[in-house]
Amino acid sequence: MKKYFIGATILAISSITNAVPNIWEKFDEKGVLVYAISDAKNTTLRVYCSYAMPDSYDHGVYLDRGNDQISNTLSKQPLSFLVNGTKAITPTGSTSTVSGSIEWDKLTSSFSTAKTIDVYLNNKKVTTFKPIQSSLSQLKSLKRCQSRLNG
């Protein structure tokens, strides 16, 4: 059921998302805040903050590349990030564990001030986002999206 909800949310948001590169956008989708940024090749990074959903709906990070949707919740396709060339982040599929909580908190605080976000899939770089700094105001509430362990 969770996968169907997330899939429907991704499809709904993908039809709304503006394809202007490197601008953060925020959408509220029925209890989930979605933060999205795209690059010039229409690769889109989405961060989901579940604020009004049951505990079974955790936060998550997704990457859309063409018809591929890659998630931090799928162990076969791990996403990792290098923010500003110095901070490595590998979010897990659950923010209710200690390690998952630490990585989630690193992700939310780092993305909100990032000048560059390098995205890796299975340890191979797939894209770089260079957020336009004026769009970072969309991420103010992302810092308050606490992990399930801390929230």
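**Exercise 1. The disulfide**

Task: In this predicted model, how many disulfides does a search of the whole structure find, and which cysteines form a disulfide?

Solution.
- Step 1. Searching the whole structure turns up 1 disulfide.
- Step 2. Its partners are cysteine 49 and cysteine 145, with sulfur atoms 2.1 Å apart. The cut-off for a disulfide is 2.5 Å.
- Step 3. Now place the two cysteines along the chain. Cysteine 49 belongs to strand 3 (residues 44-50), while cysteine 145 is in the segment after strand 9 (124-129). They are 96 residues apart, and the pair links distant parts of the chain.
- Step 4. For the handedness, look at the torsion about the S-S bond of cysteine 49 and cysteine 145: it is about 110°, so the disulfide is right-handed.
- Step 5. Finally, check the surroundings: cysteine 49 and cysteine 145 are both buried.

**Exercise 2. The five-stranded sheet**

Task: In what order do the strands of the open sheet of 5 strands stand, and which are its edge strands?

Solution.
- Step 1. Reading across the sheet gives the order 1-2-3-4-5, and the pairing is antiparallel.
- Step 2. At the edges you meet strand 1 (25-28) and strand 5 (68-71), each of which pairs on one side only.
- Step 3. From one strand to the next, the twist averages 20°.
- Step 4. Zoom in on one pair: strand 2 and strand 3 are joined in the antiparallel sense over 7 bridges. Here leucine 33 faces a residue you have already met, standing opposite cysteine 49 in strand 3.
- Step 5. Add the helix: helix 2 lies across strand 3 and strand 4, and runs at about 120° to strand 3.

**Exercise 3. The four-stranded sheet**

Task: What is the order of the 4 strands in the other open sheet, and why is one side of strand 7 and of strand 9 left without a neighbour in the sheet?

Solution.
- Step 1. The order is 7-6-8-9, with antiparallel pairing.
- Step 2. Strand 7 (87-89) and strand 9 are at the edges with a single partner strand each, so one side of each has no neighbour in the sheet.
- Step 3. The twist in this sheet averages 20° from one strand to the next.
- Step 4. Between strand 6 and strand 8, which run antiparallel, there are 5 bridges. Leucine 79 stands opposite leucine 121 in strand 8.
- Step 5. Helix 2 appears here too: it packs on the sheet and touches strand 6, strand 7 and strand 8, its direction making about 130° with that of strand 7.

**Exercise 4. The nonpolar cores**

Task: How many residues does the largest nonpolar core have, and which of them have the most contacts inside it?

Solution.
- Step 1. The largest core has 26 residues.
- Step 2. Those with the most contacts inside this core are Trp24, Leu45, Phe81, Phe111 and Ile117.
- Step 3. Ask which elements give two or more residues to this core: they are strand 2 (32-38), strand 3, strand 4 (60-65), strand 6 (79-83), helix 2 (98-111) and strand 8 (117-121).
- Step 4. Follow one member outward. Not counting residues up to four places away in sequence, phenylalanine 81 touches residues including Leu45, Val61, Leu107, Phe111 and Ile117.
- Step 5. There is also a second, separate core of 6 residues, with Phe27, Val32, Ala36 and Tyr48 among them.

**Exercise 5. The salt bridges**

Task: How many salt bridges does the structure hold, and is aspartate 64 buried or exposed?

Solution.
- Step 1. The count is 3 salt bridges.
- Step 2. Aspartate 64 pairs with arginine 46, their closest N and O atoms being 2.9 Å apart. Aspartate 64 is in strand 4 and arginine 46 in strand 3, 18 residues apart.
- Step 3. Use the cut-off for buried, which is under 20% relative accessible area. Aspartate 64 has 8% relative accessibility, so aspartate 64 counts as buried. Arginine 46, at 2%, is buried as well.
- Step 4. Lysine 106 and glutamate 103 form a salt bridge at 3.3 Å, N to O. They are 3 residues apart in helix 2, so about one helical turn separates them. Lysine 106 is partly exposed at 27% relative accessibility, whereas glutamate 103 is buried at 15%.
- Step 5. Lysine 125 forms a salt bridge with aspartate 118, the closest N and O atoms being 3.4 Å apart. Aspartate 118 is buried, with a relative accessible area of 10%.

Definitions and conventions. Residues numbered from 1 in each chain as written. Predicted model: local features only at pLDDT ≥ 70, side-chain atom pairs only at ≥ 80, totals over all residues. Heavy atoms only, no water. Buried < 20%, exposed > 50% of the residue type's maximum accessible area, 1.4 Å probe, protein only. Core = buried A, V, L, I, M, F, W, Y, C linked by side-chain atoms within 4.5 Å. Contact = heavy atoms within 4.5 Å. Pairing = 2+ DSSP bridges. Axes fitted to C-alpha atoms, helices over the stretch in contact; angles between N-to-C directions. Salt bridge = Lys/Arg side-chain N within 4 Å of Asp/Glu carboxyl O.
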